[in-house]
Amino acid sequence: MEIMTIDMISPDQVIFWQWKFITINATLIYTWLIMAILVVGSWLVTRNLSKDIRFSRWQNFLEVVVGGIRNEINEASHGCGDKYLPFIGTLFLFICLSNLLAIVPGYVAPTSSLTTTAALAVSVFFAVPIFGISSQGVGEYFKEYFRPTFIFFPFHVMGELSRTLALAVRLFGNIMSHEKVIAILLAVTPLFFPIVMQALGLLIGLIQAYIFSILAMVYIASATQAHEEKEETETNKA
Amino acid sequence: MHIDWFVFFAQVVNFLILAFLLKFFLYGRITKAMDEREAKIAATYDEAQTMKTHAREALESYDHKLRDIQEKGDAMMQKAASDADVHRKELMSKAREEVDQIRLRWQETVAREKTSFLNHLRQRAGREVYAAASRVLKDLANEDMEKSIMALFIQMVKSMDDKEAAMIRDAVRQSATGVIVQSAFDIPADVRSELNQIIRSYGAAQDAVQYETMPEIVSGIELRTDGYKLAWSLNDYLETLEDSFSHALQEEAKEKA
């Protein structure tokens with residue numbers, strides 16, 4: 001049933017089809033599966049949305065999830081939840097579903113691949129300056145790199161790079177290591193104990209999704225906050 | 001551990017596509033539905049608040065109106081009670097007056113009936129007294145008594161004053177029927193001759209004197225001509241007694257009334 005052997009570190013190594021540099025491996029397949037579940041599920045639920053007080057349980061569930069994410073983003077970004085919702089919300093939902101589906105036999109989480117986590121971390125890496133510049137402008141944004149003095153510029157750059165690397169490696173390390181632990185435990189003690197570890201894996205997967213998305217939000221918020229604080233001060237003065 | 005750069009870029013693109021699709025299918029629709037519902041609930045709440053305010057105002061207004069109506073009702077009740085009291089007093093006064101009038105009328109009627117009854121009683125008493133006296137005198141009357149009466153009558157005729165004698169004389173002379181002497185018993189011959197003599201002395205003819213016996217006279221003698229009567233009889237006295245008695249009783253009744 002398992003498509004990965006115990007000595008395989010990443011689902012990238014499970015290659016289904018390859019032509020020149022184009023590789024279709026387990027990471028991509030399961031990513032598309034998750035994407036399909038999210039998109040089709042969203043479409044099925046939201047095609048008949050009720051704006052009345054009475055609505056379906058699935059709509060209620062999605063409203064709870066989206067409302068929860070929006071509230072978290074609002075708390076971190078001081079009330080600009082809807083602006084960052086598609087990016088941060090998609091990060092959370094993708095990582096969360098990717099991790100939670102790990103209880104399904106034969107499934108391998110795409111987040112246990114460094115390629116996926118690196119891609120997500122790089123997306124965050126580029127999203128931070130994009131949101132920062134859209135909020136503050138180019139000059140104002142890059143001035144932050146030279147504060148308090150220009151000497152701090154390399155440290156800012158290193159900080160950006162290192163936190164991106166940390167994002168990628170933290171998620172990859174947690175999920176990959178947990179999958180390996182489950183696989184080893186199944187080989188050693190196939191009864192009862194792996195179930196407890198699977199339950200623990202669900203918790204870890206949820207926590208990691210939360211950490212990844214909330215950190216991304218914090219990075220984006222820190223890049224846009226200077227501008228927003230300035231705006232708030234001007235508004236208060238007015 | 002290596003990174004497959006094709007998969008890396010594919011995952012970045014996958015993520016961006018997923019974010020775009022979810023923005024369209026999930027976040028946009030869900031947040032819109034939530035916001036619209038919140039707005040709807042807020043509108044409903046505002047409407048409820050407005051209705052509550054209106055209801056409170058209406059309640060206060062109706063309370064005020066109710067108080068006014070109650071006050072007016074109390075005032076009307078007081079006025080009605082006062083009017084009713086006045087009307088009751090008027091009716092009572094009217095009723096009292098009517099009762100007084102009826103009582104007065106009743107008293108008058110009673111007094112009238114009383115007077116009438118007393119009059120009737122007195123008249124009857126008089127008649128009874130008269131009847132009793134008449135019966136007693138009738139029982140007592142006899143010829144001896146008659147003689148005494150006739151002697152008394154002759155004496156009365158003889159002792160008349162001139163005026164009366166003139167009146168008798170005129171009556172006797174003018175009478176076409178003559179002189180009628182009525183008595184309860186037969187008059188003895190000697191008395192008759194004496195009477196004839198006296199009557200003739202007043203100018204009557206020899207055969208003009210007629211003698212009649214009438215038991216109703218009871219006892220006594222009467223002399224009648226046209227328009228004149230001279231009598232001494234118990235009947236005469238009794239008639240006089242009856243008239244006097246009746247007159248006296250009526251006078252007394254009038255004084256009491």
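Where is Pro148(A) found? Pro148(A) sits in the loop between α5 (138-143) and α6 of chain A. The peptide bond leading into this residue, from Arg147(A) to Pro148(A), is cis, with omega near -5 degrees. Most peptide bonds are trans, and most residues other than glycine have a negative phi. Chain A has an exception on the second count as well. Lys20(A) is not a glycine, yet has a positive phi of about 50 degrees. Look for Lys20(A) in the loop between β1 (15-19) and β2 (22-25) of chain A.

Before going on, a word on confidence. What you see is a predicted model. The scores are ipTM 0.90 and pTM 0.61. Chain A has a mean pLDDT of 87, with 94% of its residues at 70 or more. For chain B the mean is 83, and 95% of its residues reach 70 or more. Within chain A, helix α1 (residues 26-46) has the highest mean pLDDT of the elements, at 94, and helix α7 (residues 193-237) the lowest, at 82. Within chain B, α1(B) has the highest mean, 89, and helix α5 (residues 234-256) the lowest, 71.

Now the helices of chain A. Take helix α2 (residues 57-77) and helix α3 (residues 81-100) of chain A. Their axes come within 9 Å and cross at roughly 120 degrees. Angles of 65 to 115 degrees count as roughly perpendicular and those over 145 as roughly antiparallel, and α2(A) and α3(A) are therefore oblique to each other. The crossing of α2(A) past α3(A) is right-handed. On the α2(A) side, the contact includes Val66(A), Ile69(A) and Arg70(A), while α3(A) contributes residues including Tyr84(A), Leu85(A) and Phe92(A). By class, the residues of this contact of α2(A) with α3(A) are seven nonpolar, four polar and one charged.

The next helix to follow is α4(A), which has a partner in its own chain and one in chain B. Inside chain A, the axes of α4(A) and helix α6 (residues 153-188) come within 8 Å and cross at roughly 145 degrees. This crossing of α4(A) and α6(A) is right-handed. Among the residues that meet here are Leu114(A), Ala121(A) and Phe125(A) from α4(A), and Glu160(A), Leu167(A) and Phe172(A) from α6(A). The residues of the contact of α4(A) with α6(A) divide into ten nonpolar, two polar and one charged.

Which helix of chain B does α4(A) pass in a right-handed crossing? That helix is α1(B). The axes of helix α4 (residues 114-136) of chain A and helix α1 (residues 5-140) of chain B come within 8 Å, crossing at roughly 55 degrees. At that angle α4(A) and α1(B) are therefore oblique to each other. The contact takes in Thr115(A), Ala118(A) and Val122(A), among others, from α4(A), and residues of α1(B) including Val7(B), Phe8(B) and Phe15(B). Eight of the residues in the contact of α4(A) with α1(B) are nonpolar, four are polar and none is charged.

Stepping back to the two chains: how many residues does the contact take from each chain? There are 39 from chain A and 27 from chain B. The side of chain B that touches chain A has 18 nonpolar, three polar and six charged residues.

Last, the sheet in chain B. Strands of a sheet pair through backbone hydrogen bonds, either parallel or antiparallel. Here four strands form an open sheet in the order β2-β1-β3-β4 (chain B), with mixed pairing. β2 (209-213) and β4 of chain B are at the edges with a single partner strand each, so one side of each has no neighbour in the sheet. From one strand to the next, the twist averages 15 degrees.

Start with the parallel pair. Strand β1 (residues 179-183) of chain B pairs with β2(B) in the parallel sense over five bridges, and Ser183(B) stands opposite Thr213(B) in β2(B). The antiparallel pair is strand β3 (residues 220-225) and strand β4 (residues 228-233) of chain B, joined by six bridges. Ile221(B) stands opposite Trp232(B) in β4(B). The hairpin of β3(B) and β4(B) has two residues between the strands, and Gly227(B) takes a positive phi near 80 degrees there. Across β3 and β4 of chain B lies helix α2 (residues 143-158) of chain B, running at about 140 degrees to β4(B).

Technical notes:
Residues are numbered from 1 along each chain as its sequence is written. Chains are lettered from A and ligands numbered from 1 in the order in which they are written. This is a predicted model: local features need pLDDT of at least 70, side-chain atom pairs count only at pLDDT 80 or more; totals for chains, interfaces and linings use all residues. pLDDT is the predictor's confidence in each residue, from 0 to 100. Axes are lines fitted to C-alpha atoms, for helices over the stretch in contact, and angles run from 0 to 180 degrees between N-to-C directions. Angles under 35 degrees count as roughly parallel, over 145 as roughly antiparallel, 65 to 115 as roughly perpendicular and the rest as oblique. A crossing is left-handed if the near helix is turned anticlockwise from the far one by less than a right angle, and right-handed if clockwise. Two residues are in contact if their C-beta atoms, placed from the backbone, lie within 7 Å. Ala, Val, Leu, Ile, Met, Phe, Trp, Tyr, Cys and Pro count as nonpolar, Asp, Glu, Lys and Arg as charged, and the others, Gly among them, as polar. Two strands pair if DSSP finds at least two bridges between them.
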